[in-house]
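Reader: I would like a close look at the enclosed empty space in this model, with the residues around it described carefully. Please go on afterwards to whatever else helps to place that part within the rest of the chain.

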Amino acid sequence: MLSPASAATIRATLPAVGAAIGDITERFYDRLFTAHPELLRDLFNRGNQAAGTQRQALAGAIAAFATALVEHPEQRPDAMLERIAHKHASLGVTPGQYEVVHTHLFAAIVEVLGDAVTDEVAAAWDEVYWLLANGLIAIEARLYARHGVLMGDTWRSWEVTERTQETADVVTFRLRPADGGPLPTARAGQYVSVRVPLQDGARQIRQYSLSGAPGKETRTITVKRDGEVSAHLHDHVHEGDRLDVSAPYGDLVLPDARTPLLLASAGIGVTPMLAMLDHLAETEYTAPVTVVHGDRSPADHALRTEQRALAGKLPDSAVHFWYENTEDAEQGDRAGLVDLSDVTLPDGVQAYLCGPLPFMRAVRTQLLERGVPASAIHYEVFGPDLWLATA
């Protein structure tokens, strides 16, 4: 890990770098996209850049990694690295791109901090960066190898075999490989990247959770109209069309042991939970499974019928739905936001969360107050991981 000299320097300079990290990442992206406009056009999500969420996520990741190195020098923050590496592999990131990032990131650090960046400070933060980068490169290499592809070999053509309108703003697409070959290995809870050509010539990418069990002959993604890629899919993609799709990635996957589970979602966060439920039903899962979902209304709750039906196939399951607007709610549905105070949580429960960040924070807090250990609470953030950025 960090050398003793660098650890002391990082500990001393972390407050100053942390205070300026937002300015550093903003300057970094300005420099990067000026030098390599193709990265903004064809790799980075333009919506996230415009909203500033990608800058926040990068700042959070750098600060969290550096903090972990000095506070826990005996261990590497592998959980954080795994999460980032899965996203990178789904985008086709390659080792050479870390050199490009290094060039512009360190130029941005010098521009923002000026004379405070002595040779000693630069060397220490360079060590931090390459510990982060090389850790990610190693994990990404294993992920590519798992799918039997070269690093950066991301895209395969898939055919849309079916399109289903789930709600006013949510559509499900069923897909199969256009070459007729086998489906890549997947686990319930994982996501794929989808790349689409836009009218201005850009090829933008977005990740979507698989919304069905991975053992089927086709794969499904369920897309809410939100952002350029999703709008393109809603407006232009129909049965018979083809899409560039990556192999499945993601670290929000079910445990191998048959342990009690809590699957908690809100909004379009239902998608990985539905894939998990589908898989549990197919594998005749016998341990207790508690399904929790919150939404604006029953009409907005995509895959509601499927979610309840799949839970009903399990021998020991409970379903709890909350709606801010209860018009057309069924008997047993609840009003308001998700509240776990009277939901039974078996001993040893493993909790899986997906949905808007405020929802996941609220549910995590409730679980911790109920005695569920932090290590048993797992989550998936759609888009840049702002949980780290605000931790």
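Author: A search of the whole structure, which is a predicted model, finds two cavities of 30 Å³ or more. Rolling a probe the size of a water molecule over the atoms is what shows where empty space is left. The largest cavity holds about 120 Å³ of space, and the second largest holds about 50 Å³.

I take the largest cavity to begin with. Its lining is made up of V17, I21, I24, I62, F65, L105, F106, I109, W125, V128, Y129 and L132. Sorted by class, these are 12 nonpolar residues, with no polar and no charged residues in the lining. Four helices, namely α1 (4-35), α4 (53-71), α6 (95-113) and α7, each supply at least two residues of this lining. Of the elements that contribute, α7 gives the most, with four residues.

One of the lining residues, V128, deserves a closer description. V128 lies in helix α7, which spans residues 119-146, and its relative accessibility is 4%, so V128 counts as buried, the cut-off for that class being under 20%. Leaving aside residues up to four places away in sequence, V128 touches L2, I10, F65, A66 and L69; of these contacts, F65 is itself named in the lining of the largest cavity. The C-alpha atom of V128 is separated by 13 Å from that of E71, a residue 57 places away along the chain.

The second largest cavity has a lining of another composition. W158, L175, P184, V192, L210, R219, I221, V245, S246 and P248 line this space, and by class they comprise eight nonpolar residues, one polar residue and one charged residue.

To place these cavities within the rest of the chain, the sheet is a useful landmark. Six strands form an open sheet with parallel pairing, and their order across it is β10-β9-β8-β7-β11-β12. The edges are taken by β10 (334-335) and β12 (377-380), and because each has a single partner strand, one side of each is left without a neighbour in the sheet. Against this sheet packs helix α11 (residues 357-369), which touches β7 (261-266), β11 (350-354) and β12, and whose direction makes about 165 degrees with that of β11. At the β10 edge, strand β9 (residues 317-323) runs parallel to β10 and is joined to it by two bridges; W322 has R334, in β10, as its bridge partner.

Two loops attached to these strands contain residues with an unusual backbone angle, given that most residues other than glycine have a negative phi. E284, found in the loop between α9 (270-282) and β8 (289-295), is not a glycine and yet has a positive phi of about 55 degrees. D328, which lies in the loop between β9 and β10, likewise has a positive value, with phi near 70 degrees in a residue other than glycine. The relative accessibility of E284 is 63%, so E284 counts as exposed, and at 64% D328 counts as exposed too; V128, by contrast, counts as buried.

Key: Residues are numbered from 1 along each chain as its sequence is written. This is a predicted model: local features need pLDDT of at least 70, side-chain atom pairs count only at pLDDT 80 or more; totals for chains, interfaces and linings use all residues. Side-chain values use heavy atoms; hydrogens and water are left out. Two strands pair if DSSP finds at least two bridges between them. Contact means heavy atoms within 4.5 Å. Axes are lines fitted to C-alpha atoms, for helices over the stretch in contact, and angles run from 0 to 180 degrees between N-to-C directions. Buried means under 20% relative accessible area, exposed over 50%, partly exposed in between (1.4 Å probe, protein chains only). On a 1 Å grid over the protein atoms alone, a cavity is a set of points where a 1.4 Å probe fits but cannot get out, and a pocket is an open set with protein on both sides within 12 Å along at least five of seven lines; lining residues have an atom within 4 Å of a point. Grid points are joined across faces, edges and corners, and a volume is the space filled by probe spheres set on the points. Ala, Val, Leu, Ile, Met, Phe, Trp, Tyr, Cys and Pro count as nonpolar, Asp, Glu, Lys and Arg as charged, and the others, Gly among them, as polar.
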